Amino acid sequence: MTNFTLLDAAASATASGASAGGVNSFLAILIQLVPLVLIIVVFYFLLIRPQKKKDKETQKMRDSLQVGDEVITAGGIIGIVVSVKEDTVLIETGSDRSKVRVKRWAIQSNQTVHDDVAEA
């Protein structure tokens, strides 16, 4: 009979140790994940969020293009907007009045300052 009680005691001690080890391993995994989560949060606030804000401002500038605005394209072409359509812009370049049609996404910057933008 003593053999059975010793085996039962050893089995119960092992089972309680395994459950305590499970909690400790969970805490160890959690502690290892904290730096990774912090790195992701830092990347979001330092890189991703400012880039999204800049993209929104650029899209707002492209949506507010008007005839007569002086613009610069991503390829470096400088011209004056002659016509604005849904996804293209017609730009007049140079003194010989040549016209170039470009996609709206190719407009890099608008050099014309509008009154409603200056007030904001």
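Here's a quick briefing on the fold, the core and the strand pairing of this chain.

The model is predicted, so keep that in mind as you read. The chain has two helices and five strands, and their order along the sequence is α-β-β-β-β-β-α. Much of what follows circles around strand β3, which covers residues 88–93.

**Overall picture**

- Out of 120 residues in the chain, 16% are buried.
- The accessible surface adds up to about 9500 Å², and carbon and sulfur atoms account for 63% of that.
- If you take the contacts with a separation of 6 or more, 35% of them link residues 24 or more positions apart.

**The nonpolar core**

- The largest nonpolar core has nine residues: Met61, Leu65, Val71, Val81, Val89, Ile91, Val102, Ala106 and Ile107.
- Leu65 is one of these core members, and once you skip its neighbours within four places in sequence, it is in contact with Val71, Val84, Val89, Ile107 and Asn110.
- Of those contacts of Leu65, Val71, Val89 and Ile107 also belong to the core.

**Strand β3 and its partners**

- β3 is largely enclosed by the rest of the structure, because five of its six residues are buried.
- On one side of the pairing story, β2 (residues 78–84) runs antiparallel to β3, with four bridges between the two strands.
- That pair makes a hairpin, with three residues between β2 and β3.
- β3 also pairs with β4 (residues 98–103), again in the antiparallel sense, this time over six bridges.
- Here too there is a hairpin, with four residues separating β3 from β4. Gly94 sits in that turn and has a positive phi of about 70 degrees.
- Val89 is a handy residue to follow through the pairing: it is the bridge partner of Val84, and it is also bridged to Val102 in β4.
- Both Val89 and Val102 are in the largest nonpolar core as well.

**A closer look at Thr93**

- Is Thr93, a residue of β3, buried or exposed? Its relative accessibility is 13%, and the cut-off for buried is under 20%, so Thr93 counts as buried.
- What does Thr93 touch, not counting residues up to four places away in sequence? The list is Ile77, Ile78, Gly79, Ser98 and Val100.
- Among these contacts of Thr93, Ile78 and Gly79 fall within β2 (residues 78–84), while Ser98 and Val100 fall within β4 (residues 98–103).

Technical notes:
Residues numbered from 1 in each chain as written. Predicted model: local features only at pLDDT ≥ 70, side-chain atom pairs only at ≥ 80, totals over all residues. Heavy atoms only, no water. Buried < 20%, exposed > 50% of the residue type's maximum accessible area, 1.4 Å probe, protein only. Contact = heavy atoms within 4.5 Å. Areas by Shrake-Rupley, 256 points an atom, 1.4 Å probe, with all protein chains shown as cover. Core = buried A, V, L, I, M, F, W, Y, C linked by side-chain atoms within 4.5 Å. Pairing = 2+ DSSP bridges.
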